[in-house]
Amino acid sequence: MINNVHIIEELLGTYSSYLQVPLWIVDLSGEIVIKANKDGLDCSNLHLENSVFLDDIKRMVENIKRPVLIMSSEEQAPLKYVLSPLFYGENRPCFLLAGPFVESNLTEKEEILLEGVHSITQEDKHKLIQSIEKVVETLKVLYRDTHSKQLQKEKLNLIKEFTYNKECKEILPSFFKNVLTIYNLDFIGFASKNTVDTFCVDLVVGEKGHSLNGVTFYIGEGLLGQSAAAEKEMIWNGIGQSNRAEIFKKAGLQPNHLFSYPIKNHDIVEGLVFGGKLKGTPFHEELHIIMKCFVQFLSDRKSIREAIGTSEVIKEYYQSLVDVMDVFIHSNNPKNLLYKVLEVCRSLNKNRFVCATLIGGELFLRGTTNDKLKHYHKQLTAYIGQSVEQFMPHTKNSQNLIHVPIVKNQSVNGILTMEVEAPSCNVEGFLDLLGKILSMKYCTVVDGEGQSDRVDALELLHASIKEWNTKEYQLVQKALTMAETFSQLEEFNLNDLKRAIKVVPYRLSFIKEKISAGPEISILEDYHRLLENQGSNHFYRIESQILGLIYRKVCNKEDLDIEGINESLKEKFEAFIQSMELNEKVEMDKVEISLEDIEKVRDVSSVIIELPLTSREQEVLHLVLEGLNNQEVASALTISIHTVKNHITNIFRKLNVSDRVQAMAKIYRIKYGME
């Protein structure tokens with residue numbers, strides 16, 4: 001507060017020097033609050049107290065909206081001033097007065113009489129009025145800031161009374177004094193239960209309320225007795241003439257506004273906090289909030305301390321959420337968000353165990369290492385790639401662990417696990433929210449251009465099989481057909497399994513080098529564990545088990561005993577195979593277009609030009625069929641790779657194909673009259 005007053009003094013001094021007139025901040029009683037007379041200007045005291053000039057100012061200042069020019073009413077000294085509208089300064093209404101000064105067109109006699117008083121021109125007079133307007137606006141801001149800081153400090157001191165470990169009689173006087181000052185009350189007091197049916201006023205703060213000390217009243221008597229009888233807070237406005245305020249009238253008070261808040265102990269009213277204003281506006285809404293909190297604090301301080309502790313936890317959760325959202329918004333890397341979430345969890349659970357596993361098996365650990373808890377988490381990773389419904393029953397266990405899924409397309413894309421001291425709705429809700437935020441980030445990034453690149457890489461690997469091993473490619477196609485047909489009998493993620501089947505002939509290490517982590521990688525990892533017979537105790541994904549059954553069939557290795565496959569699933573699959581054997585010959589006799597046949601297609605321009613494609617799409621298709629990749633097509637046509645991908649998507653849609661090989665086959669059939 002001192003700093004702002006110093007700034008105000010410097011501001012007035014600077015403007016006084018610049019305008020060449022004294023500046024005064026004066027309250028309505030005529031007391032000079034601050035005066036400035038830089039550069040030796042005449043600044044003798046105004047002596048406004050009880051003067052006619054002050055009466056003139058008070059009549060005028062309450063009605064003006066902008067600074068105006070006024071003249072002293074004393075005839076022998078026609079001095080002029082600039083008067084500002086009222087503003088709130090130093091906790092009271094004030095106005096700014098600039099002057100005295102005289103205009104430059106004085107008579108010789110007036111010049112002698114007013115020697116030493118600054119003279120200004122008509123132009124300077126307008127500049128002075130405009131400048132005073134700016135000064136007043138600045139003063140309002142500075143005083144508002146000063147008042148706000150002081151008020152904030154007083155409110156903080158008010159709240160501190162809630163937390164000090166003092167007896168009630170020690171808390172009340174200072175608390176009441178602060179409330180009285182901040183909310184402009186005339187009195188505030190406390191009445192305790194005196195007998196079974198009476199209360200006695202023990203303490204009153206406020207000069208106008210001292211006469212209430214020692215006053216007793218019955219439960220139900222008057223306004224305060226009504227509050228005690230009803231056992232609830234009560235607020236009355238405009239009661240100056242009410243007979244119900246008789247208790248106060250006997251003490252020489254006539255409050256216009258009154259409040260009363262009961263203090264309870266085990267639902268029994270044992271005291272009242274009351275306060276009032278003799279006139280003026282009703283109570284500020286903030287006062288009611290403060291009083292409600294305070295009487296609750298007095299009723300059960302232990303409960304309040306616990307509530308304050310909970311409030312601090314919620315505040316910490318809120319700040320942590322703000323930090324997480326900051327990373328979510330500004331970072332395109334989902335792992336950065338995951339790192340932040342892990343750190344937030346570690347901080348909230350006081351360095352206990354935290355971990356996360358993403359699809360593909362990548363593990364992240366934070367906090368205290370615990371092999372037992374890590375094992376519980378690892379067991380749940382078997383649900384990665386499966387539906388959220390299958391995972392949700394396993395989100396809690398007896399080890400004080402909470403698990404939340406990172407979800408993509410209704411499938412579990414990862415799992416976040418946090419150890420807690422004791423599960424609670426707040427912790428579970430907050431962790432669930434973090435899981436949803438991670439899911440949004442991973443969906444946003446993975447479903448964007450990066451996902452297109454993954455799919456392109458996988459499809460290219462699949463198409464390449466046909467080039468170096470036609471027989472293997474045919475087995476893959478047969479496995480894809482088998483998986484699609486079996487999906488009508490068993491519920492699993494068909495799309496993920498089909499992507500895994502498309503690249504199953506490759507070494508797992510090679511696939512992981514070429515394709516970023518995804519559900520198909522997780523399926524293949526489990527599939528290889530099955531083939532290596534790593535034990536039946538491991539929980540294998542259903543897609544991996546089906547993949548093992550399919551390849552045991554298509555590779556004619558029915559005698560291969562694969563441990564870890566669910567017996568019920570195995571029986572269902574064998575029944576499915578028996579039903580397929582009747583149609584197997586028909587399926588095997590289907591016309592296959594070999595890679596050699598497709599490669600014989602050289603001149604496809606005549607076919608492409610007849611297709612329902614735009615000219616640009618025809619150009620893109622021609623280059624694609626010549627073997628150019630997306631980047632090479634983009635360079636050849638001087639367009640972006642993103643535009644190339646959009647064109648290819650539209651081409652495949654119009655041709656009703658899903659990849660480049662199928663597109664080439666389509667062109668072959670059209671060229672040779674097969675379509």
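**Entry 1: Arg59 and its partner**

I looked up Arg59 and read a relative accessibility of 55%, so Arg59 counts as exposed, the cut-off being over 50%. The model is a predicted one, and I keep that in mind for every value below. Arg59 forms a salt bridge with Asp56, and their closest N and O atoms lie 2.4 Å apart. Both residues belong to helix 2, which runs over residues 52–61. They are 3 residues apart there, about one turn of the helix. An α-helix has 3.6 residues a turn, so residues three or four places apart point the same way. I then checked Asp56, which has 23% relative accessibility and therefore counts as partly exposed.

**Entry 2: other salt bridges**

I searched the whole structure for salt bridges and got 18.

Next I took the pair Glu233 and Lys292, whose side chains meet in a salt bridge at 3.6 Å, N to O. This pair links distant parts of the chain, with the two positions 59 residues apart in numbering. Glu233 is in the loop between helix 6 and strand 11 (234–237), and Lys292 is in helix 8 (residues 285–299). I noted a relative accessible area of 37% for Glu233, which is partly exposed. Lys292 is partly exposed too, at 42%.

I also looked at Glu619, which forms a salt bridge with Arg616; the closest N and O atoms are 3.1 Å apart. The two are separated by about one helical turn because they sit 3 residues apart in helix 23 (residues 615–625). Glu619 has a relative accessible area of 38% and is partly exposed. Arg616, at 31% relative accessibility, counts as partly exposed.

Asp496, Arg499 and Glu520 came up as a network linked by salt bridges.

**Entry 3: cysteines**

How many disulfides does a search of the whole structure find? I got 0. I then checked the burial of two cysteines. Cys355 has a relative accessible area of 0% and is buried. Cys555 is partly exposed, at 30% relative accessibility.

**Entry 4: the largest nonpolar core**

I listed the largest nonpolar core and found 42 residues in it. Which of these residues touch the most other members? They are Ile501, Leu547, Ile550 and Tyr551. The elements giving two or more residues to this core are helix 14 (449–468), helix 15 (470–486), helix 16 (494–502), helix 17 (508–514), helix 18 (519–531), helix 19 (542–554) and helix 20 (567–588). Helix 15 gives the most, with 8 residues.

I followed Ile550 further. Leaving out residues up to four places away in sequence, Ile550 touches Ala479, Met482, Ala483, Ile501 and Phe573.

A second core, separate from this one, has 28 residues. Among them are Val354, Ile406, Leu431 and Ile437. In soluble globular proteins, nonpolar side chains tend to be buried together.

**Entry 5: strand 13 and its neighbours**

I moved to strand 13 (residues 268–277) and found it mostly covered, with 8 of its 10 residues buried. I looked up two pairings. Strand 8 (residues 187–193) pairs with strand 13 in the antiparallel sense over 6 bridges. In that pairing I picked out Ile188, whose bridge partner in strand 13 is Gly275. Strand 12 (residues 257–265) is also antiparallel to strand 13, over 9 bridges. Here His257 stands opposite Lys277 of strand 13.

I checked the connection between strand 12 and strand 13, which form a hairpin with 2 residues between them. In the turn, His266 has a positive phi of about 55°.

**Entry 6: Ala230**

I located Ala230 in helix 6, residues 222–230. Buried or exposed, or in between, at 33% relative accessibility? Ala230 counts as partly exposed. I took the C-alpha to C-alpha distance from Ala230 to Gly220 and got 8.2 Å, for two residues 10 apart in sequence.

**Entry 7: helix 26**

Last, I looked at helix 26 (residues 660–671), which has 12 residues. From its first C-alpha to its last it reaches 16 Å, close to the 16 Å expected at 1.5 Å a residue. Which residues of helix 26 are buried? I noted Val661, Ala663, Met664, Ala665, Ile667 and Tyr668.

Conventions:
Residues are numbered from 1 along each chain as its sequence is written. This is a predicted model: local features need pLDDT of at least 70, side-chain atom pairs count only at pLDDT 80 or more; totals for chains, interfaces and linings use all residues. Side-chain values use heavy atoms; hydrogens and water are left out. A nonpolar core is a set of buried Ala, Val, Leu, Ile, Met, Phe, Trp, Tyr and Cys residues joined through side-chain atoms within 4.5 Å. Buried means under 20% relative accessible area, exposed over 50%, partly exposed in between (1.4 Å probe, protein chains only). Helices (H or I, at least four residues) and strands (E, at least two) are DSSP runs, numbered from the N terminus. Contact means heavy atoms within 4.5 Å. Two strands pair if DSSP finds at least two bridges between them. A salt bridge is a side-chain nitrogen of Lys or Arg within 4 Å of a carboxyl oxygen of Asp or Glu. A disulfide is a pair of cysteine sulfur atoms within 2.5 Å. The expected span of a helix is 1.5 Å times one less than its number of residues.
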